[in-house]
Structures are given as structure tokens and as C-alpha cells.
Amino acid sequence: MARLLFITHPEVIVDPSTDVKDWGLSTAGRERMMRFATSDAAQNIGTIWSSTEKKALEAAAILGAERRTDVKTDPMLGENDRSATGFLPPPEFERMADAFFAQPTRSILGWERAIDAQHRIHATLNRILSEGGTGDIAVIAHGAVGTLLLCRLRDVPIARAHDQPFQGHFWSATLPDMRILHGWIPIAEKA
């Protein structure tokens, strides 16, 4: 039975002077993605979709090169829109993320509402899956939208308790029925 693997990009180079969408993978992030690309979990991937954000594209390119599979892109796989605040130092970002998940029907300081991001990622995934694919389908995107989608498919309320512990995780579901096989698992252990 084919599976969906929803994969989040691993560690990035944080650069407050660069738009978050243009951040690339760090050395550690690249190494973890390379280990995932050769892991048993990735062996049946035949179709790869990616967000158009640089960090996701770089992760998808690593997976695509190892699996000898072209990468398709869709900007609607992007992370929740946080452009209203731009870069936030980590402690402030964590407080905002807590509020984003805790109040899904409210825009927190201009951020995309969690409920809207959830609807967007769910509709995008359904469109992607309707196109079909070969083997397992990998979607490489971002933690918040991955968590929102996981909540939707599990039919549980949006809550940060369902979020990945750190960047570079994946969950999987059966296709075509989208039954969740497991929650977040690290793509590879941190070095």
C-alpha cells in the first residue's frame, strides 16, 4: 500500500537580515536530510512535492537526487504566513507560535490564522493527491502546516501539543484513505 510522507525541512541557517522564505539548510540540516534520503523510510518514494521556500526546496533536492525523482513544487505548501512580523528572536517567536496554535480563529499580530492555513494545506494536499503519483508520495514543507494537517486528518482540535519537537521530522499516512500510520518521527537523529 502506498503512503504519504509529510516531511519538514531540517535545521536552517538563521539570518535575521534575510527573508525567512529565503533561508537555506544548515550543514547539520543537509546531513540529516541526506541520512533520511537513504533510510528505509524513503525507499519507496517515487513522487516528491515541495514548498517553494528555499529550505524546503533544498531538502527536496537532496531527496530527489537520492531517489532519482524530479521534484514538483506548489507555493500553497508554504508555511503559515508570518510576514506581518518578519523575523522574531526565538523566545518571542515561540510565544507567537503558542498563541497561533492556541487561538486558531484569530490572526496574531497579522499572522495567517491557523484555521485558514489548515484549510489551505488540506485543500492543497487533496489536489496533489488527485494527480496521483508513483510509489510513496513525499511532501516536503514546514512544521506548523504539517501539524495543522495532522490535526485535521486525526480529527482533533488544533493544538501545539501535536507539533514536531524540532525541525526535520515526518509523519505518514496510508493512501488513498489518509489513515495516519504514525505521528512525528525525526528524519534522522541529531549529530
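Arginine 68 counts as exposed, at 78% relative accessibility; here exposed means over 50% relative accessible area, buried under 20%, and partly exposed in between (1.4 Å probe, protein chains only). It sits in the loop between α2 (54-67) and β3 (71-73), and its phi is positive, near 55 degrees, in a residue other than glycine. Helices (H or I, at least four residues) and strands (E, at least two) are DSSP runs numbered from the N terminus.

A quick word on the ground rules. This is a predicted model, with residues numbered from 1 along each chain as its sequence is written. Local features need pLDDT of at least 70 and side-chain atom pairs count only at pLDDT 80 or more, while totals for chains, interfaces and linings use all residues; side-chain values use heavy atoms, with hydrogens and water left out.

Arginine 68 has company when it comes to positive phi. Here are three such residues:

| Residue | Phi | Place |
|---|---|---|
| Arginine 68 | near 55 degrees | loop between α2 and β3 |
| Aspartate 155 | near 60 degrees | loop between α5 and β5 |
| Methionine 178 | near 60 degrees | hairpin of β5 and β6 |

Aspartate 155 is exposed too, with a relative accessible area of 69%, and it follows helix α5.

That brings us to α5 itself. The helix covers residues 143-154, 12 in number, and reaches 16 Å from its first C-alpha to its last. That is close to the 16 Å expected at 1.5 Å a residue, where the expected span is 1.5 Å times one less than the number of residues. Nine of the 12 residues are buried, so α5 is largely enclosed by the rest of the structure. The buried ones are Gly143, Ala144, Val145, Gly146, Thr147, Leu148, Leu149, Leu150 and Cys151. They pack (contact means heavy atoms within 4.5 Å) against β1 (3-8), α3 (90-102), α4 (114-130), β4 (136-141), β5 (169-174) and β6 (180-186).

Now for the nonpolar cores, each a set of buried Ala, Val, Leu, Ile, Met, Phe, Trp, Tyr and Cys residues joined through side-chain atoms within 4.5 Å. The largest has 32 residues, and Leu4, Phe6, Val139 and Trp171 have the most contacts inside it. β1, α3, α4, β4, α5, β5 and β6 are the elements that give two or more residues to this core, and α4 gives the most, with six. A second, separate core of 21 residues includes Leu5, Ile45, Ala138 and Ile140. Back in the largest core, phenylalanine 6 is in contact with residues including Val145, Gly146 and Leu149, as well as Val139 and Trp171, leaving aside neighbours within four places in sequence.

Strand β4 also holds aspartate 136, which is buried, with a relative accessible area of 3%. A polar atom of its side chain lies 2.8 Å from the backbone nitrogen of arginine 3. Beyond four places in sequence, aspartate 136 touches Met1, Ala2, Arg3, Leu5, Asn44, Ile45, Gly46 and Thr47.

Finally, β5 and β6 pair in the antiparallel sense over four bridges, where pairing takes at least two DSSP bridges between the strands. Alanine 173 stands opposite isoleucine 180 in β6. Five residues lie between the strands of this hairpin. Proline 176 is in that loop, joined to leucine 175 by a cis peptide bond with omega about 10 degrees.

Key:
Polar contact = N/O pair within 3.5 Å; in protein donor to acceptor, adjacent residues only side chain to side chain.
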